[in-house]
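User: I'd like a close look at one part of this model. Could you take a single buried acidic residue and walk me outward from there?

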Amino acid sequence: ERFPWADTTGQSMVIGADIDAILSAGYLADHLGWNPIGFYAGFDRLFTADGVTRDELVDAVWVDLDISHPEIASIGHHILAFDEGDAIEPHANSLNPNLLRGVTHESFSRKYPLGTLHLVTWLHGESPSPTATQKLLYWLPDSSWINAQSHRFRDNVRDWLFEWVPIESLTSSFEWTDTAYFEERVADELYPRIERTGFERGHGQVTSRHRGLDGYQCTFDDPTVVQEDLQSLVDLAAAVMEWDPFDIPDTLTETRGTRHWSYSYSTLRREYGDLDTFLDAEDVFSYAIPNRNTINYTTGIDLSAVGRER
C-alpha cells in the first residue's frame, strides 16, 4: 500500500554499482519486466542511456540505492536516520528495511545485514525448489553468507532472516553457511565463474571463518569501462538463476556530482541543528550513515543536466 510502484510491471530502473544491484536488477527484469536506463556509481556519478530525460529518471525506480529526493522511488538498505526524531522527508518514497523497522544509527548493531536482492525476493517470491548453486549465489550479495557465520553478525542475520524476511533459499541453508564445505563450494564453484566475467575479488570488513575468503562484490565506478564484464555478469546470474537476462545500455552519458566523506554528526548538529535541516540546506542527493558518528553524502547531481557532461 505504501509503495505501489514496487509491484508495477514494466518500470524503468537506475541500478547501483555492485553485484547486489546487478542481481536485484536481474530479478526485477525477469519477474516484473523492469528495464535499465542508467547506473548510479561511485556514489557521485550518474550514467544514463541515450535519450533519457529528467522526467524518466524521476519516474524510474533506483535499485540498490537510497536516493534523498522527494520525487524518486528507491530500494536500498543503508542506515539513513541518526535517531527516531529524524523525519527525512526526502526518503518518503524509499523502500528501506531499516526505515521500516525503525533501525537508526543509535541501534546500529541491528542494521539490515542482507542484500537488496533478498528484500525484493521476499516481496515477490523466489523460484520453487532452488538448486544448491542458486542458494550459493543468493547468499553472495553484500557478503551475506560471511555475515551469517559464527561471529558478531550471526545473531542479527538470524533475526532478520527468520523474523522479518524469510526466504526459503536462505533459511534452509543458514546453518550450511557456517561450514567448511559451504566455503569450498563458494571458492571452487562460484568464485571462478564470476572471475571469468572479468571482475576481480574485493575486500570486505570480515573474512570467512574457515578459509579466510573475502566477499566478491564486483563493485565499479564507471560502467562504460566494464560494460562487457557487466553484461557477462548479468548473463551469468541469469544462467544460474534461470532468468531472462537484460541488456546493458549500449551508450551511457555521465553526469557528475560531489561526494563528501566522513562528515561528523557532532559538526552537523552544531552547524545545522538536525539531519533534516542539513539535508535541505545542502541539497543532498544521496547519503549513508556508515558508522555511529559520520555521514557520507553527495551533492550536485543535477538531473536537468542529464545528456551533457558536467
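Here is the residue I have in mind, followed by a walk through its surroundings.

User: Take Asp-18: where does Asp-18 sit, which residues is Asp-18 in contact with, and how far away is the nearest side chain of opposite charge?

Analyst: Quick caveat before we start: this is a predicted model, so everything below is read from computed coordinates.

Let's begin with the spot itself. Asp-18 sits in the loop that runs between β1 (12-15) and α1 (19-32). Asp-18 is buried, yet no salt bridge goes with that. If you go looking for the nearest side chain of opposite charge, you end up at Lys-111, and that one is 11 Å away. A salt bridge would need the nitrogen within 4 Å of a carboxyl oxygen, so Lys-111 at 11 Å is no partner for Asp-18. What the Asp-18 side chain does reach is backbone: the nitrogen of Asp-20, at 3.1 Å.

Now the neighbours. Setting aside residues within four places in sequence, Asp-18 is in contact with two other acidic residues, Asp-64 and Asp-142. The rest of that list is a run of residues, Gln-217, Cys-218, Thr-219 and Phe-220.

Cys-218 deserves a pause. Cys-218 belongs to the loop between α9 and α10, and its phi is near 55 degrees, a positive value in a residue other than glycine. Cys-218 is also buried, with a relative accessible area of 2%. So one of the residues touching Asp-18 pairs a positive phi with a buried position, given that buried means under 20%.

If you like that sort of backbone oddity, Ile-88 is another one: not a glycine, but with a positive phi of about 35 degrees. You'll find Ile-88 in the loop between β5 and β6, and Ile-88 is buried too, at 5% relative accessible area.

Next, the two elements on either side of Asp-18. β1 is part of an open sheet of seven strands, in the order β6-β5-β4-β1-β2-β3-β7, with mixed pairing. The edges of that sheet are β6 (94-95) and β7 (252-256), each pairing on one side only. On one side of β1 is β2 (residues 35-41), and the two pair in the parallel sense over four bridges; Ser-12, for example, stands opposite Asn-35 in β2. As for α1, the helix lies across β1, β2 and β4 (61-63) and runs at about 170 degrees to β1.

Asp-18 may have no salt bridge, but the count for the model comes to 10. One of them is at the β7 end of the sheet: Arg-45 and Glu-254, with the closest N and O atoms 3.1 Å apart. Arg-45 lies in strand β3 (residues 45-49) and Glu-254 in β7, so this pair ties together parts that are 209 residues apart in sequence. Arg-45 counts as buried at 15% relative accessibility, while Glu-254 is partly exposed at 21%. Salt bridges that share partners join Arg-45, Asp-222, Glu-254 and Arg-256 into one network.

Two more salt bridges are worth a look. Arg-54 meets Glu-71, the closest N and O atoms being 2.8 Å apart. With Arg-54 in helix α2 (residues 54-59) and Glu-71 in the loop between β4 and β5 (73-75), the pair ties together parts that are 17 residues apart in sequence. Both ends are partly exposed, Arg-54 at 31% and Glu-71 at 41%.

The other one is Arg-209 with Asp-178, at 3.0 Å from N to O. Arg-209 comes from the loop between α9 (180-195) and α10 (227-241), the loop that also holds Cys-218. Asp-178 is in the loop between α8 (168-171) and α9, 31 residues apart from Arg-209. Here the acid counts as buried, Asp-178 being at 11% relative accessibility, and Arg-209 is partly exposed at 45%.

One last stop, toward the end of the walk. Ala-305 lies in the segment after β10 (294-299) and counts as buried at 0% relative accessibility. Ala-305 is 252 residues from Thr-53 in sequence, but their C-alpha atoms are 9.2 Å apart in space.

To come back to where we began: Asp-18 is a buried acid without a salt bridge, its side chain reaches the backbone nitrogen of Asp-20, and its contacts include Asp-64, Asp-142 and Cys-218.

Terms used
Residues numbered from 1 in each chain as written. Predicted model: local features only at pLDDT ≥ 70, side-chain atom pairs only at ≥ 80, totals over all residues. Heavy atoms only, no water. Buried < 20%, exposed > 50% of the residue type's maximum accessible area, 1.4 Å probe, protein only. Polar contact = N/O pair within 3.5 Å; in protein donor to acceptor, adjacent residues only side chain to side chain. Contact = heavy atoms within 4.5 Å. Pairing = 2+ DSSP bridges. Axes fitted to C-alpha atoms, helices over the stretch in contact; angles between N-to-C directions.
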